[in-house]
Amino acid sequence: MTDAQTIASRFIEALNERDFETIGSFLDEDVALDTLTGQRTIGAGPLRMNVMSYFRHFDERFSDMVLMHDAFGQRVAVDVTARGHYRETMPGFPEASGQSYSIPSIFVFEFENGSVTRLSHYRNIRVFEKALAP
């Protein structure tokens, strides 16, 4: 496993453990986060706040991790299954009532000098919204 793959794997594990200190240790101060709703956040502090807010709405864990990387070790994609419960209504999403879901999800990490400089989170948003529909 490359260093970038190790960091990406540990990042996903830290998400599952809600270990925001470890998550922060992997981030460049000017990291860009592209969320599954199409929003872009810049900065390590705002990224941590965005992730904490997301987990307030969705009690989610990631499993079945498959890591892929480019030839230069600058980008890593992590294909996972997101399993969770929708516990608090998120603006722009259906009403929360504890719906459970399991959906494929992909994280793409971009690295520079051993730090995450960009993180993008992808999933089929229409399939996700359908799974959340009451």
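In which strand is the place of Asp64? I looked this up at the outset and found Asp64 in strand β3. The model I worked from is a predicted one.

**Entry 1. Backbone angles**

I turned to Asp64 because most residues other than glycine have a negative phi. Asp64 is not a glycine, yet I read a positive phi of about 55 degrees for it. I then checked its exposure: Asp64 has a relative accessible area of 48%, so I recorded it as partly exposed.

I noted a second case at Arg18, where phi is near 55 degrees, again a positive value in a residue other than glycine. Arg18 sits in the loop between α1 and α2, the latter covering residues 20–25. The relative accessible area of Arg18 is 21%, which makes this residue partly exposed.

**Entry 2. Overall layout**

I next listed the elements of the protein chain and found four helices and six strands. Read from the N terminus, their order is α-α-β-β-α-β-β-β-β-α.

For the dimensions, I took the C-alpha trace along its principal axes, where the span is about 45 × 30 × 25 Å. I compared the radius of gyration with the expectation for a compact globule: for 134 residues that would be near 14 Å, and the chain has 14 Å, so the two agree.

I also looked at how far apart in sequence the contacting residues lie. Among contacts between residues at least 6 apart in sequence, 56% join residues at least 24 apart. Of the 134 residues in the chain, 44% are buried. The chain exposes about 7200 Å², and carbon and sulfur atoms supply 50% of that area.

**Entry 3. The nonpolar core**

Which residues touch the most other members of the largest nonpolar core? Among its 37 residues, I found these to be Leu15, Phe58, Phe107, Phe109 and Val116. Two or more residues each come from α1 (3–17), β1 (27–34), α3 (44–57), β3 (58–69), β4 (75–86), β5, β6 (115–122) and α4 (125–132). The largest share, seven residues, is given by α1.

I followed Phe109 further. Setting aside its neighbours within four places in sequence, I listed its contacts as Ala8, Phe11, Ile12, Gln74, Arg75, Val76, Val78, Val116, Arg118 and Leu119.

**Entry 4. Ser105**

I then examined Ser105, which lies in strand β5 (residues 100–112). Is Ser105 buried or exposed? Its relative accessibility is 0%, and I therefore entered it as buried. With its neighbours within four places in sequence left aside, Ser105 is in contact with Val78, Asp79, Val80, Ala82, His121, Tyr122 and Arg123. For Tyr122 I noted a specific approach: the side chain of Ser105 reaches the backbone oxygen of Tyr122 at 3.4 Å.

**Entry 5. Salt bridges**

Side chains of opposite charge can pair when their charged atoms come close. How many salt bridges does the structure hold? I counted eight, and I looked into several of them.

I returned to Arg18, whose side chain meets that of Asp59 in a salt bridge at 3.3 Å, N to O. Arg18 is in the loop between α1 and α2 and Asp59 is in strand β3, so this pair ties together parts that are 41 residues apart in sequence. The relative accessibility of Asp59 is 29%, and this residue therefore counts as partly exposed.

Asp59 forms a salt bridge with Arg87 too, with the closest N and O atoms 4.0 Å apart. Because Arg87 is in the loop between β4 and β5 while Asp59 is in strand β3, the pair ties together parts that are 28 residues apart in sequence. I recorded Arg87 as partly exposed, at 48% relative accessibility.

I also inspected the pair Glu60 and Arg123, whose side chains meet in a salt bridge at 3.0 Å, N to O. Here strand β3 holds Glu60 and the loop between β6 and α4 holds Arg123, so the pair ties together parts that are 63 residues apart in sequence. Both accessibilities fall under the 20% cut-off for buried residues: Glu60 is buried at 0%, and Arg123 is buried at 11%.

Finally, I checked for shared partners. Arg18, Asp59 and Arg87 are joined into one network by salt bridges that share partners.

Key
Residues are numbered from 1 along each chain as its sequence is written. This is a predicted model: local features need pLDDT of at least 70, side-chain atom pairs count only at pLDDT 80 or more; totals for chains, interfaces and linings use all residues. Side-chain values use heavy atoms; hydrogens and water are left out. Buried means under 20% relative accessible area, exposed over 50%, partly exposed in between (1.4 Å probe, protein chains only). A polar contact is a pair of N or O atoms within 3.5 Å; within protein, one must be able to donate a hydrogen and the other to accept it, and residues adjacent in sequence count only if both atoms are side-chain atoms. Contact means heavy atoms within 4.5 Å. A nonpolar core is a set of buried Ala, Val, Leu, Ile, Met, Phe, Trp, Tyr and Cys residues joined through side-chain atoms within 4.5 Å. The radius of gyration is taken over C-alpha atoms; the globule rule is 2.2 Å times the number of residues to the power 0.38. Accessible areas come from the Shrake-Rupley method with a 1.4 Å probe; for residues, only the protein chains shown count as cover.
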